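Trainee: Could you go through this structure with me? I'd like to ask about it bit by bit.

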Protein chains: 2
Amino acid sequence: MPESAWDFVTRAMAELRALQGAAALLSWDQETYLPAKGGAARAEQLTALQGLAHERLTDPRLGEALARAGAGAPPDGAEGEARAAALRALRFDRDRAVRVPGDLVRALATAQSEGVEAWRAAREASDFPGFVPHLSRLLALRREEADAIGVPAGGERYDALLDGHEEGMRVARLAPILSRLTGWLAPLVERCVAAPPPDDAFLRGRFDLEAQWAFTMELLPRLGFDLDAGRQDRSAHPFSTGMDPGDVRITTRLFEDLPLSSVFSTLHEAGHGMYEQGLPARWRRSVLGQGASAGLHESQSRLWENLVGRSLPFWKGMLPRLARHLPQLSGVAPAAFHRAVNKVERSLIRVEADEVTYNLHVALRFELELALVRGDLAVADLPGAWDERMRRLLGITPPRAAEGCLQDIHWSLGAFGYFPTYSLGNLYAASLFAAARRALPGLEDGFERGEFAPLLAWLREHVHAWGRARPAEEIVRAATGRGLTDEDLRAYLEGKYGALYVS
Amino acid sequence: MPESAWDFVTRAMAELRALQGAAALLSWDQETYLPAKGGAARAEQLTALQGLAHERLTDPRLGEALARAGAGAPPDGAEGEARAAALRALRFDRDRAVRVPGDLVRALATAQSEGVEAWRAAREASDFPGFVPHLSRLLALRREEADAIGVPAGGERYDALLDGHEEGMRVARLAPILSRLTGWLAPLVERCVAAPPPDDAFLRGRFDLEAQWAFTMELLPRLGFDLDAGRQDRSAHPFSTGMDPGDVRITTRLFEDLPLSSVFSTLHEAGHGMYEQGLPARWRRSVLGQGASAGLHESQSRLWENLVGRSLPFWKGMLPRLARHLPQLSGVAPAAFHRAVNKVERSLIRVEADEVTYNLHVALRFELELALVRGDLAVADLPGAWDERMRRLLGITPPRAAEGCLQDIHWSLGAFGYFPTYSLGNLYAASLFAAARRALPGLEDGFERGEFAPLLAWLREHVHAWGRARPAEEIVRAATGRGLTDEDLRAYLEGKYGALYVS
């Protein structure tokens, strides 16, 4: 009996997932254990795997199998729904891959590796003009890529790029929400910085690195991160990667003088990691066994980092445990600690920003990259536009481009359309957490006892269990009763910081 | 301009090396850092990579390119020689891959995974009959594989299997040497065990694991293992794997009550690792950038483990350094230590055997597996034949099959033809070391000062630099002036142990 079209698709998906998993492990190793002289070989191995995955995804036989598998009547019920969802998701990935010509793929890869190198040098020297030709080239290639993929119906060129990170999201839907968000964030920042700043003197000093590590390793299983299905290592920049629900790797980093950097990195990456561990085991070989979007993934990390990890009940439960590892902290009251970890500041660097100012940093980048892709802003004018918006949104001016428009790696990879997913993550996190609180009375009392299982179980059921079978916003709507909105984040931030910052 | 046949071959080799490198990293991770629940996904990833590598190797376009690239006149000089050697080596690999039908490949893979599982259970219960059906199946499949590959001219079926590990080696050449070897080893063992055994009481007790680890990490760069081009980790069974001369991984294992297990494991694996690090960088993307054979690889590990690591000059230099980590050893004299680490015993387990008895364990396995492949020995009769030979060669009888014919994993993978490469390694190691001593006056005086660079440089030039461009025995012949011989090993062992064991 010849193989059915669906069987062919199933086999192709499993092979693609295996290749992606192998590539993910190679990338993880590159950031954790790769010897200094192993870089060239690693790059060749990754290029080979990515080339093979691209070859398999664009294989015309897969295209035919997808067409034939979609033509027949699917099985009834959940099985049929899952099959239809998998066909849709794989077709989406394949269409994007097929439409971009090989020459453009190679040109982008070259421009990216040259771009990152040029960006590092430019940031080091704070030399924006040196970066201009690279950024211009990347922008031109991404616009070409967007046109090759095709502008979604009723959309614009930027949407084709955004779609690669946040399937189904559109500028027309996103821009008004981010604009509303900046509207109420600016006065909230104003109010916070006008009040007396919290005392965080107890966070200064030297904090033993091994003790920090030990606390994060104690924290992980308590949160619900399964150390038999994953691990934590150290790396220069924290990240997470999931090869399989049974093999999820996260990293953290340790600084002697920043005792909470490791804790919040671990919380953030554990959020990503628990999402990966919670993806349905039955879809481990399917295209559905992945996170639904970059934004929904970020919602999980931000939820654990901020909604849980910067809450008073969390620190009522965890501060005594942390102080067992870092005895310098044993005299600090949880309420004082809570105020210190929620310090609001007008700062220049996105990755160091607090919860309140963070989305202003994102909004600025979204506005600027949208203008670049639309052709409304010339690359050479970027620093001026950056500084002007920085003054308007945060009331400060970067002293030099290294602390301004050269601070992030994203654009050096031509990753236009990624930044807004950070804010989507914050928005979804607030809505999901609000829904979980409604569904689980006494949820935060549990935090005080170090109990997080009810929250994780709720996220498993309402978010993780869907994998990529539905668009992110639909998953959030089903879980919370509403789609993308800034109201939950507003209620959360205004409530929390209104109480914390009383001038 | 269309791609030349040689360019096609070059590209195919580079892709194959990249896929092999990726698979090697995945296997390394499986033994070091893989979470408990990650096994299923890892197996799928490895299967996918091996399948792709097999697909590329057997691709008819590669066959055509190999034929066309071989037809034209190669460039003059070293470049032309290297090209011819690469074409020969790749054709060798490809022919073996093409000749074995896909059904047989899959049947072998299944029989291997079932075989290993059955072997573990059988060894656990010392239940040989439970393993018989699996071993019979593996033997039948390997005989079928040997026939598919084809018996080399003038050879026998076993040669086709041996060829997969030790290219060009033949039973007709190997059997007489191993037989001579057992001839003079037996009386040497006799003499050693008749003499009073060395005192090794100072090796009993508890030895701190971190201190053992620290010593091995200090030893590695001193030997010449480049920690910027490799790393050491811990695993249940020590092994080494080379992804690239710039990325070579070795492992060791630590036991509190066996302070030297870690040291000799590190020495052994560092020998393999330095071979991999010494492979020519210009061949990193070529089939030539690999070890020449399993036997030559083993010669490098055994040379460092035994000829260097069990020598008196080595311990004159290293014992004070070891004692800094393990203060219990600070009162021991180097000569007494040297005697203790060269204790000769009639023992049952190959991997625990000393230098003198080791090759008797190998000879026994070679005789038996040769008889199995020839059809001269029935699988069911293996335990009896094992015990009989064990008595004859070593004068002891295993109390049960778990300490007899069930002790090694090799046959549970159907790896017939591998065991003799261990003795080839010992034979080549003795010949290479003898040649290095002749070429480098004062070599061992250097060991006393902790200097190993001259030895490594000699091995780099005479062994490592050849990669896979010549057969192992030719490399040894060029380096030592003679091919495979038991005379150097005999002179070494009889000289060393004659002096150590005086009754």
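Mentor: Gladly, and let us begin at the start of one helix: A:Ser311 caps the N-terminal end of α12(A), with a side-chain oxygen 3.2 Å from the backbone nitrogen of A:Phe314. Please keep in mind throughout that this is a predicted model.

Trainee: OK, so how many residues does α12 of chain A have, and what span should they cover?

Mentor: Helix α12 of chain A takes in residues 312-325, which is 14 residues, and at 1.5 Å a residue they should span 20 Å; the end C-alpha atoms are 20 Å apart, so the expectation and the model agree.

Trainee: And where does α12(A) bend?

Mentor: The bend is at A:Met318 and comes to about 40°, and a proline, A:Pro320, follows within four residues.

Trainee: Which residues of α12(A) are buried, and what covers them?

Mentor: The buried ones are A:Pro313, A:Phe314, A:Trp315, A:Gly317, A:Met318, A:Leu319, A:Arg321, A:Leu322 and A:Ala323, so A:Met318, where the helix bends, is on that list, and so is A:Phe314, whose backbone nitrogen takes part in the cap. The cover over these buried residues includes α9, α10, α11, α13 and α17 of chain A.

Trainee: Can we do another helix? What about the span of α4 in chain A?

Mentor: Helix α4 of chain A covers residues 77-99, and its 23 residues should span 33 Å at 1.5 Å a residue, which agrees with the 33 Å between its end C-alpha atoms. Its buried residues include A:Ala82, A:Ala85, A:Ala86 and A:Ala89, and also two arginines, A:Arg94 and A:Arg96. Among the elements that cover the buried residues of α4(A) are α1, α2, α3, α6 and α7 of chain A.

Trainee: I see A:Ala82, A:Ala85, A:Ala86 and A:Ala89 there. Why would buried positions in a helix come at such steps?

Mentor: A general point helps here: an α-helix has 3.6 residues a turn, so residues three or four places apart point the same way.

Trainee: Switching to strands: how much of β3 in chain A is buried?

Mentor: Strand β3 of chain A, residues 247-252, is mostly covered, since six of its six residues are buried. A:Asp247, A:Arg249 and A:Thr251 point one way from the strand, while A:Val248, A:Ile250 and A:Thr252 point the other way.

Trainee: What does β3(A) pair with?

Mentor: There are two partners to describe. Strand β1 of chain A, residues 230-234, runs parallel to β3(A) and is joined to it by five bridges, and within that pairing A:Asp233 has A:Thr251 as its bridge partner. Strand β2 of chain A, residues 240-244, pairs with β3(A) in the antiparallel sense over four bridges, with A:Ser240 bridged to A:Ile250, and a hairpin of two residues joins β2(A) to β3(A).

Trainee: Now a loop. Where is A:Glu156, and what does its side chain do?

Mentor: A:Glu156 is in the loop between α6 and α7 of chain A, and its side chain makes a polar contact of 2.7 Å with the side chain of A:Arg374. Leaving aside neighbours within four places in sequence, A:Glu156 is in contact with A:Val151, A:Val171 and A:Leu370 as well as A:Arg374.

Trainee: What's unusual about phi at A:Ser126?

Mentor: As background, most residues other than glycine have a negative phi. A:Ser126 has a positive phi of about 50° although it is not a glycine, and this serine is in the loop between α5 and α6 of chain A. At 19% relative accessibility A:Ser126 counts as buried, because the cut-off is under 20%.

Trainee: And what is phi like at B:Ser126?

Mentor: Phi of B:Ser126 is also positive, near 50°, and B:Ser126 is buried with a relative accessible area of 18%.

Trainee: How are chains A and B related, then?

Mentor: A rotation of 180° with 0.0 Å of shift along its axis superposes chain A on chain B, with an RMSD of 0.0 Å. The two copies are thus related as by a two-fold rotation axis. The same surface serves both copies, as 100% of the contact residues of chain A recur in chain B.

Trainee: Last one: is B:Thr266 buried or exposed, and how about B:Pro196?

Mentor: B:Thr266, in helix α10 of chain B, is buried with a relative accessible area of 0%, and it touches B:Thr216, B:Leu220, B:Gln232, B:Ile250 and B:Thr252, not counting residues up to four places away in sequence. B:Pro196, by contrast, is exposed at 58%, and its place is in the loop between α8 and α9 of chain B.

Definitions and conventions. Residues are numbered from 1 along each chain as its sequence is written. Chains are lettered from A and ligands numbered from 1 in the order in which they are written. This is a predicted model: local features need pLDDT of at least 70, side-chain atom pairs count only at pLDDT 80 or more; totals for chains, interfaces and linings use all residues. Side-chain values use heavy atoms; hydrogens and water are left out. Buried means under 20% relative accessible area, exposed over 50%, partly exposed in between (1.4 Å probe, protein chains only). Contact means heavy atoms within 4.5 Å. A polar contact is a pair of N or O atoms within 3.5 Å; within protein, one must be able to donate a hydrogen and the other to accept it, and residues adjacent in sequence count only if both atoms are side-chain atoms. Copies are superposed by least squares on the C-alpha atoms of residues with pLDDT of at least 70 in both. Two strands pair if DSSP finds at least two bridges between them. The expected span of a helix is 1.5 Å times one less than its number of residues. The bend at a residue is the angle between axes fitted to the seven residues ending there and the seven starting there.
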